[in-house]
Amino acid sequence: MNLFLGFGSARALGGVVVVLYSLIITGSDVLIKMISQSFPPAQLFSVSCLTVVGLSLISAHVGCRRNIGGVVAQLSTKYPVLMALRCLIGLCGAFACFHGFRLLSLAEMFMFFGMIPLVVAPLSCSFLGERLGPASWGAMVLGVLGVCSVFFDGELRLSKGHLYGASACVLAALSLVVARWMTQREGGCLAQVFWPNLGIGIAMLIWLPFVMEPMSIQDFALAFVYGGAMFAARWLCMMSLKLLPAHVATPMMNIQFVWALVAGSLFFGDVLENSVVLGGALIVGSSLVLLYQPRNAIAPRRAPHLTVT
């Protein structure tokens, strides 16, 4: 506890939030891997995203003690153009992520997610004004080396699945940076969850009649559970971006690789190897280095001025 307090309660809380996020998002990734083998993306996301929308409305309603004005305030944004951009990025990212999980193993998809911090870092410097010191860059490289030591098998393989995975990585990084820019200026974690999911859900509903497959009650329930997990994960993700700089939060999210190794062993029979243990240690170590850097090592400089409405 003294160690956490020494580095600031916001930083410590941000670390706890990221760990919770990583646990929940790993569970949701296992679900999407299972569902994607039998159903099209519209069938999963029309259920799960609208579940997230409903949970967002309930959360706002309860949080505002049934005050309609308060609900509207929680779900409103000062930057509708950027929010529309996040909706579009989210729609494309959902499609890429779904097909990536369908075509690749969990290990291969997690490799692409582990590269997100390297995309976020230059974007956060350019658009958020976050200054990266040598320790930050070194920690991110260490984390990426950890990811590679877990998942690189000595072969260079390029397929449609890898293109989907790379697209999901870039789109996730863009979404995180835009969300960080907005939450720095207006808060609104719930709005960042509500509107992208509403946009994706409506788009998938329009597409659904053309691709719908028969779905059992059990599969339908899994889609609802996936939606609930994504609601919790995305809300925690937005909260972490309020508490931590983007280039700190995203490498810390690589802790999910540790949980992914456990999930892969339990649900898909993956074998735990020495390279996996080494990679996990490097990933966790890089996250701790970023979390406990002195504040002046990551202090934001003056961010570029953007005019959005």
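In which hand does H10 pass H11, left-handed or right-handed? The crossing is right-handed, meaning that the near helix is turned clockwise from the far one by less than a right angle (anticlockwise would make it left-handed). The model is a predicted one, with local features needing pLDDT of at least 70 and side-chain atom pairs counting only at pLDDT 80 or more, while totals for chains, interfaces and linings use all residues. Residues are numbered from 1 along each chain as its sequence is written, and side-chain values use heavy atoms, with hydrogens and water left out.

Helices here are DSSP runs (H or I, at least four residues), numbered from the N terminus. H10 covers residues 189–211 and H11 residues 217–243; their axes sit 8 Å apart at an angle of about 135 degrees, where axes are lines fitted to C-alpha atoms over the stretch in contact and angles run from 0 to 180 degrees between N-to-C directions. That makes the pair oblique, i.e. outside the bins under 35 (roughly parallel), over 145 (roughly antiparallel) and 65 to 115 degrees (roughly perpendicular).

On the H10 side, Cys189, Leu190, Gln192, Val193 and Asn197 meet Phe231, Arg234, Trp235, Met238, Met239 and Lys242 of H11, contact being heavy atoms within 4.5 Å. By class, this contact has 7 nonpolar, 2 polar and 2 charged residues.

As for the cysteines, Cys97 comes out buried at 16% relative accessibility, and Cys169 is buried at 6%; buried means under 20% relative accessible area with a 1.4 Å probe, protein chains only. The disulfide count is 0, taking a disulfide as a pair of cysteine sulfur atoms within 2.5 Å.

Over in helix H14 (residues 274–291) sits Ile283, buried at 0% relative accessibility. Ile283 and Gln256 are 27 residues apart in sequence, and 9.4 Å separates them C-alpha to C-alpha.

How values were computed:
Buried means under 20% relative accessible area, exposed over 50%, partly exposed in between (1.4 Å probe, protein chains only). Helices (H or I, at least four residues) and strands (E, at least two) are DSSP runs, numbered from the N terminus. Ala, Val, Leu, Ile, Met, Phe, Trp, Tyr, Cys and Pro count as nonpolar, Asp, Glu, Lys and Arg as charged, and the others, Gly among them, as polar.
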